[in-house]
Amino acid sequence: MSDRLTAAGSVSVSSLHDAKERVRQVIDIVELVGSYVQLRREGRNYKAICPWHDDTRPSLQVNPERQSFKCWVCDLGGDIFNFIMKMENVEFPEALKMLAERAGIQLKPSRPGAGKSSGDEKQVLYQAMSWAEEQFHRCLMDAPEAEPARRYLAERKISPESIRKYRLGYAPDRWDWLIQRALNSEITAKLLETVGLVVRKQDSPGVYDRFRGRVLFPIRDVQGRSVATGGRILPHLANDNPAKYINSPETPLFSKSSMLYGLDSARDAIGKSRVAVVMEGYTDTIVARQFGFDNTVAVLGTALGDRHIRLLRRFADSITLVLDGDEAGQRRANEVLGLFIAEQVDLRIVTLPDNLDPADFLLERGAESFRQFLDSAVDALEHKLAAWQRKIGPRPTTHDANRVIEDMLGTLARAPRPQSSTPTQVRLREHQMLARMSRQFGLAEEMLRERLRDLRQRAKRPESSGEAEIAAEARPQDQPLSPLDRELLEIILLDPQSVAEFAKEIRAGEIQSATARQVFDHCCELHLAGIAPDFDRLMLDFDDPVIKNMLVDVDECAADKAAREQTAEEQADEDDLIKMKRPARVPLDIDGWRSALIKRIQHRDNSRRLSATVQSLKQDKHEPQDELELLNQIIAQERTRQGITLPTEG
């Protein structure tokens, strides 16, 4: 009998363990994951575009029954704690605190003298931003010196309801207004500098306010936390400050290339319509919301980039870019088109007439006219070709035609070569564009396809061989499970009571993977303590992302195996009932599977030890007596391996 079941030991339930269990009972993984990415129901599970790799179709799977997630491309999986650790780039203690706060659970304070973690430091920064947002908002609402800001917003038709809903603020035209208010709080100048609200002086000690004489628009992350600020200078101060708009600089909380204004409050509307409308200004977005267009967001003083596209793709199937009708707007459309093509996202372009911005258009012509423009938005490739046609005229020269063809095919070439898994809409768009160019320029469609293949081949990147390579860096690294070790864990997860039988027959050295050994040892400890080592308990006990990912992987595979077996048995039983040949059998014979696996593991270990003994004998460095002993060991091991018993006397 293994010493695992005879050794004295127990599994204690610590206060940390209790806190994890309380948090897990309150937080539903579907709601949690859904607050970061758009989930779709698919059978008993949910699926979403994976946020950790360049996903072209929903690869992230959420299992509400097991309260687990798994991306099979990234090979990342786990529970609510792992999900937060990965999304927020924090360690387990910070993830636990964040989830406890979300669940409204008060955790016991850490021991005195313990240093602050990175998660604690981030929470302090969030608190500083929230404090500053409140100061600016109260100033706009109540302070006499904010009257010019209130008049400006009224002139721009920003309603009082929107001011309150989006927490707009005002920074007085003073160098130290915010700094002075911080003196009467727990917020330090260092904190304000870290979040980008004050700037350190270069020619003397001290700091000064970054935002002065500006209407302020709080910028939030997808979870609705204040992370930055955008400021619009009041018109009567514009001569002293040429920068009409300024945003917070890059900080530990804010990256303008991966955030969009208003996405936190637009995500539900975008999720319902599956369409995101992207504008260029805060005011445009707020006015559009006042007219009922709740799926609008805005870029943050930068061009729409690939990170923005991947962020939007979590929630939307189609993105409509609303641009001014001037030349700069046309140029911006062409700049981002290649990115959308490369990401295989449906991009549509709306060009407003008379150089109107969205806010002015809505205020002058109303919601219905704006909706008609959105509904008539053309595919971005069509928009690009139409722009070329206006430029080269109805009778282009051969040189101009070649320029158009090369430019259009070069844009198309940025998309991966269509595969069987490529969405039908993407393949159809490419086919239609090539057919149209063929008709317009009098070239054979096959010639255009050949040129497109050539351009794709030249631009082929190493990553294009598959999504798995793109996501490789995100994968946790560990020694892979051997097939027998995997089966061992599969059986335990399907039938936790099997641990007792395994522990009697299998020695520690017979399990090859260190991760599998660690899990198996813990299962034995739980069994000794009278606790069933089921999936929920194991996920609660382990914090290591590698182990949790492995457990989710093995659990899903075991469940699929059991389901396939049951389906096969049910089908066989149906046939037998018809043919009246045999009664129904119990699906998935765990006992038989376990017994057979024990024999295979023991056989593997015997073979390994036999090989080691033979190798030792081949070294020819032993005394005759030792060689005889080794030969006897080989004979005994071979008898054991083949199941031959020694003869008895008599």
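In what order do the five strands of the open sheet with mixed pairing stand? The order is β13-β12-β14-β15-β16, where strands (E, at least two residues) and helices (H or I, at least four) are DSSP runs numbered from the N terminus, and two strands pair if DSSP finds at least two bridges between them. The model is predicted, so that local features need pLDDT of at least 70 and side-chain atom pairs count only at pLDDT 80 or more, whereas totals for chains, interfaces and linings use all residues. Residues are numbered from 1 along each chain as its sequence is written, and side-chain values use heavy atoms, with hydrogens and water left out.

In this mixed sheet, β13 (296-298) and β16 (378-379) occupy the edges, each with a single partner strand, so one side of each has no neighbour in the sheet. Strand β12 (residues 275-279) runs parallel to β13 and is joined to β13 by three bridges; within this pair, Met 279 stands opposite Ala 298. Helix α14 (residues 358-375) packs on the sheet and touches β12, β14 (318-323) and β15 (346-351), contact meaning heavy atoms within 4.5 Å. The direction of α14 makes about 145 degrees with that of β14; axes are lines fitted to C-alpha atoms, for helices over the stretch in contact, and angles run from 0 to 180 degrees between N-to-C directions.

A further open sheet comprises five strands in the order β1-β2-β3-β4-β5, with antiparallel pairing. Its edge strands, β1 (40-42) and β5 (76-78), each pair on one side only, and the twist averages 25 degrees from one strand to the next. Strands β2 (residues 45-48) and β3 (residues 60-63) pair in the antiparallel sense over three bridges, and Lys 47 has Gln 61 in β3 as its bridge partner.

The largest nonpolar core has 64 residues; such a core is a set of buried Ala, Val, Leu, Ile, Met, Phe, Trp, Tyr and Cys residues joined through side-chain atoms within 4.5 Å, and buried denotes under 20% relative accessible area (1.4 Å probe, protein chains only). Leu 168, Leu 197, Tyr 261 and Phe 370 touch the most other members. Helix α5 (residues 118-142) gives the most to this core, with nine residues. Another core, of 45 residues, lies apart from it and includes Ile 270, Leu 381, Val 404 and Leu 452. Beyond four places in sequence, the contacts of Leu 197 include Met 129, Phe 136, Leu 178 and Phe 211.

Overall, the protein contains 26 helices and 16 strands, and 48% of its 650 residues count as buried.

Terms used. Buried < 20%, exposed > 50% of the residue type's maximum accessible area, 1.4 Å probe, protein only.
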